[in-house]
Amino acid sequence: PHMRNCFRILVSVSLLTAGVGAQNPTPTTIPNGLPEWAFNIPDKVQPPEPKVPATVRAPGSSKEYEATAIAGNANPPDWFPDEHPAAPRSVKGPMPNACGSCHLMSGQGHPESADIAGMPAAYIIRQMQYFKTGTRKEDARMGPIARAVSDEDVRDAAEYFATVAPRPFVKVIETATPPKTYISADARHRRIHPDGGTEPIGRRIIQIPEDPMRTTIRDPHSGFIAYVPPGSIAKGAALAKTGGSGKTIQCAICHGDTLMGLGEVPRIAGLQPVYVARQLITMQNGTSAGANAALMKKVVEKLSEDEIIALSAYLGSLSPR
């Protein structure tokens, strides 16, 4: 019974949301319970950003695209088509909000979207149904998308992403003084501030692209760096094995000893730390919900913010395969 309940909890309250890029309104407020560092509200003063060239290319790819053709969400670039199976229209477009525009053709996405590469197809389909019915409330992005897309398109996309093997996409670095950053209104995630310098890490996860321009053009070979407080990874490893405050969570029970998932329960190894932290915090506050929201909230409700940061850092430091 315990395993069955745990299974229902974790598949119904997933780590699955998506950003929709510049075509959707840029968030300007922090939802209840979310710390500022976890929700990318653009800075009021925006430093100048490098302009995207008219024609864009990614290192190691034979492809080239007109920047305007791939700037929206209808036609995501497919820089490395030989690295994945043939993609359905719901992933590659052309169609409004093609999945590959936010999750990339590799399925691993950016910090504002979910890593769904290799996730079970049934798990992805179930989450889309939760978004469609409002069981999971994400009215800014995933709710409208789920209500607009057909069941066939959802199934095609889910089966595609289930076959795509994830690769390491984030490097977790412990430091007390990460680079000074700002949150870009254009990119919707952090970037290094052009003025340079460092700032105290405090109680935060600071996540930035390895190469901002390659991230802008959705290059799936260019990942992210997550700066976390010193000691976070070891503390997170202990939490994953023994549980947090009140001993309420032990990750391996549902996600397996390697945290690569069990059956339809998804992997949590190798996910982007700031995304994991955001989902855990919204679960605590009841704003990220599935069919068993109350049960999942009970699982994570006693985790402190420091424990969430540590656990997220540890999960991000693991290989996704």
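1. Helix H7 and the largest pocket. H7 contributes the most to the lining of the largest pocket, giving four residues. The helix spans residues 212-216. Two other elements also supply at least two lining residues each: helix H3 (100-103) and strand S5 (190-192). Keep in mind that this is a predicted model.

2. Pocket volume and centre. The largest pocket holds about 660 Å³ of space. Its lining comprises 32 residues, and those closest to the centre are Asp186, Ala187, Arg191, Thr215 and Thr216. To find the pocket on screen, start from these five names.

3. Pocket chemistry. What classes of residue make up the lining of the largest pocket? Nonpolar residues number 16, polar ones 10 and charged ones six.

4. The cavity. The structure also contains one cavity of 30 Å³ or more. About 50 Å³ of space lies inside the largest cavity. Its lining consists of Trp37, Asn40, Pro111, His189, Arg190, Ile205, Gln207 and Val274. By class, that lining has four nonpolar residues, three polar and one charged.

5. Histidine 193. This residue sits in the loop that runs between S5 and strand S6 (206-209). Is histidine 193 buried or exposed? Histidine 193 is buried, because its relative accessible area is 14%, below the 20% cut-off. Its side chain reaches the backbone nitrogen of aspartate 195 at 3.1 Å. Leaving out residues up to four places away in sequence, histidine 193 touches Pro47, Lys180, Thr181 and Tyr182.

6. Aromatic pairs. How many aromatic pairs does a search of the whole structure find? The search returns three. In one of them, tyrosine 65 and tryptophan 79 have ring centres 4.9 Å apart and planes at 90°, so this pair is edge-to-face. Tyrosine 65 belongs to strand S2 (residues 65-66), while tryptophan 79 is in the loop between S2 and helix H2 (89-92), so the pair ties together parts 14 residues apart in sequence. Tyrosine 65 is buried, with a relative accessible area of 19%. Tryptophan 79 also counts as buried, at 2% relative accessibility.

7. A pair of sequence neighbours. The rings of tyrosine 160 and phenylalanine 161 have their centres 5.1 Å apart. Their planes stand at 70°, so this pair too is edge-to-face; the cut-off for that class is over 60 degrees. Tyrosine 160 counts as buried, at 3% relative accessibility. Phenylalanine 161 is buried as well, at 1%.

8. The loop between H2 and H3. Two backbone features deserve a look here. Proline 94 is placed in this loop. The peptide bond leading from glycine 93 to proline 94 is cis, with omega near 0°. Asparagine 97 lies in the loop between H2 and H3 too. Its phi is near 55°, a positive value in a residue other than glycine. Why does asparagine 97 count as partly exposed? Its relative accessible area is 29%, so asparagine 97 falls between the cut-offs of 20% and 50%.

9. Arginine 188. Where is arginine 188 placed? The residue is in the loop between strand S4 (181-183) and S5. Arginine 188 is not a glycine, yet its phi is positive, at about 70°. At 8% relative accessibility, arginine 188 counts as buried.

10. The chain as a whole. The protein chain has 12 helices and seven strands. Of its 321 residues, 55% count as buried. Take the contacts with a separation of 6 or more: 67% of them join residues 24 or more positions apart.

11. Where to look. For the largest pocket, begin at H7, which gives the most to the lining. For the largest cavity, begin at its lining residues, including Trp37 and Val274. For backbone checks, go to the cis bond from glycine 93 to proline 94, then to the positive phi of asparagine 97 and that of arginine 188.

Note on methods: Residues numbered from 1 in each chain as written. Predicted model: local features only at pLDDT ≥ 70, side-chain atom pairs only at ≥ 80, totals over all residues. Heavy atoms only, no water. 1 Å grid on protein atoms, 1.4 Å probe; cavity = no way out; pocket = protein on both sides within 12 Å on 5 of 7 lines; lining within 4 Å. Points joined across faces, edges and corners; volume = space filled by probe spheres on them. Nonpolar A, V, L, I, M, F, W, Y, C, P; charged D, E, K, R; others polar. Buried < 20%, exposed > 50% of the residue type's maximum accessible area, 1.4 Å probe, protein only. Polar contact = N/O pair within 3.5 Å; in protein donor to acceptor, adjacent residues only side chain to side chain. Contact = heavy atoms within 4.5 Å. Phe/Tyr/Trp six-rings, centres within 6.5 Å; stacked < 30°, edge-to-face > 60°.
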